[in-house]
Amino acid sequence: MQKFKSTVPIQPAAGSVYSISGPSRVRMIKGAADAVGKPIVAGDFIDIPENKKIPFEFGERSEMEIECNMPEPAERLPERTIPQSWDDLVYRIFHEHARVVVVLGEMDSGKTFFCTYLANRLFGLHRKVAVVDCDAGQSDVGPPCTFGLTHMREPLLFLHDAKVDGLYFLGSHSPGLHMVHALIGVRQLTWQALKHEATVIVDTTGWVNGDGGRMLKGAKMDILLPDIVVLLQRERELEHLVKGRPPHHIVRIKVSKKAAPTSPDVRKALRESLSTSYFKDGAMMELPLDTILTYRCYLFSGQPIVVNHPAVLWAEKLPAYEGTLLVVKKPLSDKDRAQLSQALGPALRILVSGVERGVLVGLIDEKQHCQGMGILDSFDFTARKIRLFTPVKDIRLIHGMVIGSVRYTTSGAEAGFVEPGTF
Amino acid sequence: MTFRESEFPNMVSQLDLISKNYPPDAVSRFIREMLRIYRAIPLYPGLVCMCMGKAFEKWDPKNPPPAKGTFVVIRSKGSAAFAGTILSWTPAAIQIEEKNAAGKTVKTKVPIRSVVGVERFRTDTLEAFWPTLVFDGKPDAARKAAR
């Protein structure tokens with residue numbers, strides 16, 4: 001737990017609203033408050049991470065202690081930051097028994113805060129609620145590069161504290177160049193939640209413009225057929241996404257003035273703190289190269305063949321015009337390439353041994369559910385093993401591996417990218 | 001037709017535009033830089049385009065002239081364009097080393113009075129505008145030297 005230098009006491013009056021900044025640890029000594037739709041009572045401790053601010057609405061005269069490293073962690077606000085329209089929407093979802101609620105908004109429009117509030121309030125009304133987080137860049141449910149599903153079991157201040165009930169491995173921080181899988185992921189997790197008869201709140205990415213943004217958001221609505229689409233907008237910047245959609249499904253909500261922009265540096269730092277935390281208990285494991293299934297790649301999908309050439313570690317024949325996949329010890333010389341082309345045909349797909357190091361992979365069980373992620377270390381063609389670093393403890397559950405498009409160090413730091421199609 | 005599902009067509013459009021408006025050596029450098037950035041961030045062709053859109057930077061006459069050795073494109077009256085590395089820059093003329101069609105270098109002097117614009121070619125746009133996506137682990141000086 002983080003150590004703080006000072007403790008700041010505050011005694012908020014009944015009806016007052018305070019915004020408390022992180023990193024800090026809040027202890028409610030007396031009274032009662034509501035934070036992001038979660039009731040806070042005497043004796044509760046709340047950890048607010050760095051770069052986060054939480055508004056507390058005090059229902060009665062209260063006392064709090066804030067441990068922090070800043071002189072003024074609490075700012076008194078003139079009024080409630082949560083508008084009545086949010087509560088109106090909660091009651092509408094409740095009364096209409098809405099099943100799927102999709103939340104759209106630009107980057108930094110407060111979508112996750114809004115989704116957390118909706119989920120907490122609906123949970124408070126004894127509704128089964130699930131949240132599907134499909135922002136793989138700023139993941140709250142599950143680690144970065146995945147989509148996550150959580151069934152609410154208690155009100156939460158931050159979705160990153162939620163138990164992960166379902167994961168879908170996207171393999172990248174961004175759905176760009178991963179459109180199909182982004183759509184499959186949101187559909188699979190939403191359907192999984194609907195099986196539990198929950199109201200599903202779908203938190204989306206802030207990519208809402210341009211070809212990709214329009215296509216992705218349009219396709220998500222087409223595939224999920226939401227009962228309610230929430231547009232979190234400042235002006236009319238999302239209207240293009242819902243043109244032609246049933247007007248009674250659309251709810252327009254103004255972005256809170258408190259929604260603050262997050263710089264790319266902070267976004268990266270937030271992502272890395274999540275991936276560091278995810279991999280901190282990881283260990284080097286081995287998977288059997290001959291039986292593991294691989295997805296979204298050519299490697300290990302063809303018919304193994306023997307190629308007698310000193311540079312070749314592994315060879316497989318791919319169907320039709322796809323040619324032959326070769327894993328070689330080092331980049332081929334022109335002479336070696338010509339020799340191999342003559343023997344195997346011109347369509348050679350060459351992988352140089354070591355290219356796999358650091359590549360993020362999703363680990364899939366026999367029901368094709370993602371059990372977690374790993375970081376590839378090496379393919380050992382002699383021992384017939386795939387070595388990878390993963391926090392997944394029971395490696396026997398793993399039947400397959402989805403190759404991702406990003407690289408990580410085993411400490412969870414981002415280390416680069418892999419061109420889709422490399423493997 | 002439907003939406004483009006990636007930003008690769010924008011890279012093609014950018015190449016088309018550059019090939020029509022810049023001398024061959026500038027086009028060649030542009031392609032090499034585009035490839036370098038694409039290889040560094042293959043998931044983000046949109047950001048490749050964004051970086052490459054800033055690769056030719058207009059020189060503002062209020063600023064000191066670009067340093068010796070900088071690759072520039074000089075546009076002169078009569079719509080002629082010259083591309084090369086700066087050898088000297090005086091109040092009277094800019095002298096550059098150009099690569100001709102045969103790949104040989106030639107020295108070209110462009111009188112200042114005929115210059116209508118100068119563009120500096122930048123090979124640091126990814127590092128300057130998207131430092132969070134740079135993973136080569138090199139210090140800045142080594143990165144510059146490598147290019």
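Begin by selecting B:Arg4 and A:Asp211, whose side chains meet in a salt bridge with an N to O distance of 3.0 Å. The model on display is a predicted one, and this pair is a convenient place from which to explore it.

**The interface between the chains**

Keep the pair highlighted and extend the selection to the whole contact between the two chains. Chain A contributes 23 residues to the contact and chain B contributes 16 residues. Next, colour A:Leu177, A:Asp211 and A:Phe417: in chain A these residues lose the most area to chain B, together 40% of what that side buries. A:Asp211 thus appears in this group and also as the partner of B:Arg4 in the salt bridge.

How many salt bridges does the rule find across the interface of chain A and chain B? The rule finds one. The size of an interface is often given as the accessible area lost when the parts come together. Between chain A and chain B the buried area is about 1700 Å², and carbon and sulfur atoms give 69% of that area.

**Chain B as a whole**

Now hide chain A and display chain B as a cartoon. Five helices and six strands should be visible in chain B. Followed along the sequence, the order of these elements in chain B is α-α-α-β-β-β-β-β-β-α-α. The C-alpha trace of chain B spans about 50 × 45 × 35 Å along its principal axes.

Switch to a surface view of chain B. The exposed area is about 8500 Å², with carbon and sulfur atoms supplying 57% of it. Of the 147 residues in chain B, 37% count as buried. Considering contacts in chain B with a separation of 6 or more, 50% are between residues 24 or more positions apart.

Charged side chains can be coloured next. Chain B carries 23 positive and 14 negative side chains, and the centres of these two sets lie 6 Å apart.

**A:Asp34 and its surroundings**

Return to chain A and select A:Asp34, which is found in strand 4, residues 32-35. Is A:Asp34 buried, partly exposed or exposed? A:Asp34 counts as partly exposed because its relative accessibility is 24%. Add A:Pro39, A:Pro55, A:Phe56 and A:Glu57 to the view; A:Asp34 is in contact with these residues, its neighbours within four places in sequence being left aside. A:Pro55 lies 21 residues from A:Asp34 along the chain, and 8.4 Å separates their C-alpha atoms.

**Backbone details in the loops of chain A**

Move to A:Pro23, in the loop between strand 2 (17-21) and strand 3 (24-30) of chain A. The bond to inspect joins A:Gly22 and A:Pro23: it is a cis peptide bond, with omega about 5°.

Select A:His126 next, in the loop between helix 2 (111-124) and strand 11 (129-133) of chain A. Phi of A:His126 is near 65°, a positive value in a residue other than glycine. A:His126 counts as exposed because its relative accessible area is 75%, and the cut-off for exposed is over 50%.

The last stop is A:Gln368, in the loop between strand 23 (359-364) and strand 24 (370-380) of chain A. A:Gln368 is not a glycine, yet its phi is positive, at about 70°. With a relative accessibility of 47%, A:Gln368 counts as partly exposed.

Technical notes
Residues numbered from 1 in each chain as written. Chains lettered and ligands numbered in written order. Predicted model: local features only at pLDDT ≥ 70, side-chain atom pairs only at ≥ 80, totals over all residues. Heavy atoms only, no water. Helix = DSSP H or I, 4+ residues; strand = E, 2+ residues; numbered from the N terminus. Buried < 20%, exposed > 50% of the residue type's maximum accessible area, 1.4 Å probe, protein only. Contact = heavy atoms within 4.5 Å. Areas by Shrake-Rupley, 256 points an atom, 1.4 Å probe, with all protein chains shown as cover. Lys, Arg positive; Asp, Glu negative; His and termini not counted. Charge placed at Lys NZ, Arg CZ, Asp CG, Glu CD. Buried area = accessible area lost by both parts, 1.4 Å probe. Salt bridge = Lys/Arg side-chain N within 4 Å of Asp/Glu carboxyl O.
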